[in-house]
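Welcome, and take a moment to look around before reading on. The notes below walk through how the parts fit together.

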Amino acid sequence: MSGTLTVVRAGALTTVQDLGRPGHAHLGVGLSGALDRPAHRLANRLVGNPAPCATLETTVNGCAVRPDRAVTAAVTGTPCAVRVDGRPVAWGAAVRVPAGAVLDVGAAVGGVRAYVALGGGVAVPPVLGSRSRDLLSGLGPEPLTDGAKLPLGAPCGPSGGADVVPWAGPPARGLVLPVVLGPRDDWFTAEALRVLSGGGHRVSPASNRIGLRTEGPALARAREGELPSEGMVLGAVQVPPDGRPVVFLADHPTTGGYPVIGVVPEPSLAAAAQAAPGTPVRFVPVRK
Amino acid sequence: MSAPAPRLRALPVGRHALLVEAATGDDAQALHAELLRRRAAGTLPPVREIVPAARTVLLDGLAEPRALAADLARWSVPPLTATEGAPVVLPVRYDGADLAEVAALWGVSEEEVARIHSGLEFRVAFCGFAPGFGYLTGLPERLHVPRRATPRTAVPAGSVGLAGPYTGVYPRSSPGGWQLVGRTDAVLWDAGREPAALLSPGTRVRFEVVA
């Protein structure tokens, strides 16, 4: 029992995401996939989907979709109002959407990205084993547009039955990101390391799925010159010539020529994906 | 007399990756080939990504990066050899927008640029910038040219360019700063094809003049 999902309101940027396409970085194809992976997994679990099923990742102002068959849906990630045909329903829980009804995911409250899982998943054709839209490489389905239609897969099983959804809430004192120093921390001055951990940075509005950009004091280099292109990992904190650290997220380039002062371990990246522009950022260097 | 083993330095990258630095670009390509041999032989610990670059190879998704780093210090990596099999041949019309500029930099005629470029054998050192974009080495140093001072906002798909020690082909239309000498109809990247990338690290490449 597959079906079709019609996009009623695409929102600022809503993309199809799953767990990404590992194993292709040597071809210039990055990992991609949901930025807040725990939220993506949880949404799938609530509707009885396996974790690799594709969800919708919204940005800031949600989206609205209309399935042509009855479907179990769940919205996780940033808290937001969820409505079915205008009637409020639970966020972070499996809800029933009748055939032809509109599931509306409202504006983000305290976070940035919501994840919308639908029983059976969004069944667009995979590209290199993944349905994720990679905004840097252009692989995967186009971001949603009003009126677009997306195939729904057949439901896989009963919903997971989780009835309590953990949400830490927006961090009270801003975003705290541990940074394992290296491989190029020796390209920076000791003062730069103090600046990095000084808490003077904020999330820049120029942040996107490629990277969490920051505003604030510049990190001074201890050495000049260019770094020959080298492989980049998820969570790498790259420092471009303007000195403001950029934390690489799922759609990051596979190689780069600016020095990486350290790496944010993956478990902390979900919080980075939910940090709104202006959120204070404190990097906490961790010795190798 | 045996050649000295290339010096390798393994830098930790986060908690699950290593960046292995080689002394030269050739040594990095030799290390990449050795890593692929060891992975095929089942003697490399499980790793999600092996990403060669200009002078390094990144190993990402390792359970025990420190153990591998210690092991790497004892590796003896054989130098790159002339590999078996036929190279990928890319037919090129040498009519690029920067052909005259490259001819002037090389101090030869435009026809000579085509003859020289198509007479060399290249090797994909690494990919990046866009899916299927290979950085091909094999240009002698006297033929290295700088990037354009002002990058183009749109370079057509199939454009064959030069920049620094590299030559390469744009898999799709994109902005770019390489000096363009020609264009090929070969499809460098097709996500629906297996393999999607015509060129991957280690692939040997030749260009062929077509009218």
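Let us begin where the two chains meet. Between chain B and chain A the count is one salt bridge. Its partners are R184(A) and E21(B), whose closest N and O atoms are 2.8 Å apart. Several strands of chain B each supply at least two residues of the side that touches chain A: strand 1 (9–13), strand 2 (17–21), strand 3 (49–52), strand 4 (56–60) and strand 6 (122–127). Sorted by class, that side of chain B has 22 nonpolar, five polar and nine charged residues.

Please keep in mind that this is a predicted model. In it, 36 residues of chain B are in contact with 30 residues of chain A. The area buried between the two chains is about 2,400 Å², and carbon and sulfur atoms give 65% of that area. Seven residue pairs, both at pLDDT 80 or more, are in polar contact across the interface of chain B and chain A.

One residue to visit here is E49(B), which lies in strand 3 of chain B. What is the nearest side chain of opposite charge to E49(B)? That side chain is R48(B), 4.2 Å away, and E49(B) is buried yet has no salt bridge. Because a salt bridge needs the nitrogen and oxygen within 4 Å, the 4.2 Å to R48(B) does not count as one. The side chain of E49(B) does reach the backbone nitrogen of G23(A), at 2.7 Å. Leaving aside neighbours within four places in sequence, the contacts of E49(B) include P22(A), H24(A), A25(A) and H26(A) in chain A, and L58(B), L59(B) and D60(B) in chain B.

Now for the salt bridges more broadly. Over all chains the structure holds 19 of them. Three examples are set out here.

| Salt bridge | Closest N to O |
|---|---|
| E230(A) and R184(A) | 2.7 Å |
| R37(B) and E34(B) | 2.7 Å |
| R204(B) and E121(B) | 2.7 Å |

R184(A), the residue that pairs with E21(B), also forms a salt bridge with E230(A). E230(A) lies in strand 15 (residues 230–231) of chain A and R184(A) in the loop between strand 12 (175–181) and helix 2 (190–196) of chain A, so this pair ties together parts that are 46 residues apart in sequence. E230(A) and R184(A) are both buried.

R37(B) and E34(B) sit three residues apart in helix 1 (residues 25–41) of chain B, about one turn of the helix. R37(B) is partly exposed, at 43% relative accessible area, whereas E34(B) counts as buried at 8%.

The third pair, R204(B) and E121(B), also meets in a salt bridge. R204(B) is in strand 13 of chain B and E121(B) in the loop between helix 4 and strand 6 of chain B, so the pair ties together parts that are 83 residues apart in sequence. R204(B) is buried, with a relative accessible area of 15%, while E121(B) is partly exposed at 38%. Elsewhere, salt bridges that share partners join E57(A), R113(A), R209(A) and D251(A) into one network.

Finally, a stop at helix 4 (residues 110–119) of chain B. Which of its residues are buried? They are V113(B), A114(B), I116(B), H117(B) and S118(B). These buried residues pack against helix 3 (99–106), strand 6, strand 9 (159–163), strand 10 (166–169), strand 12 (179–183) and strand 13 (204–209) of chain B.

Notes
Residues are numbered from 1 along each chain as its sequence is written. Chains are lettered from A and ligands numbered from 1 in the order in which they are written. This is a predicted model: local features need pLDDT of at least 70, side-chain atom pairs count only at pLDDT 80 or more; totals for chains, interfaces and linings use all residues. Side-chain values use heavy atoms; hydrogens and water are left out. Contact means heavy atoms within 4.5 Å. Buried area is the accessible area (1.4 Å probe) that two parts lose on being put together, summed over both. A polar contact is a pair of N or O atoms within 3.5 Å; within protein, one must be able to donate a hydrogen and the other to accept it, and residues adjacent in sequence count only if both atoms are side-chain atoms. Helices (H or I, at least four residues) and strands (E, at least two) are DSSP runs, numbered from the N terminus. Ala, Val, Leu, Ile, Met, Phe, Trp, Tyr, Cys and Pro count as nonpolar, Asp, Glu, Lys and Arg as charged, and the others, Gly among them, as polar. Buried means under 20% relative accessible area, exposed over 50%, partly exposed in between (1.4 Å probe, protein chains only). Lys and Arg count as positive and Asp and Glu as negative; His and the chain ends are not counted.
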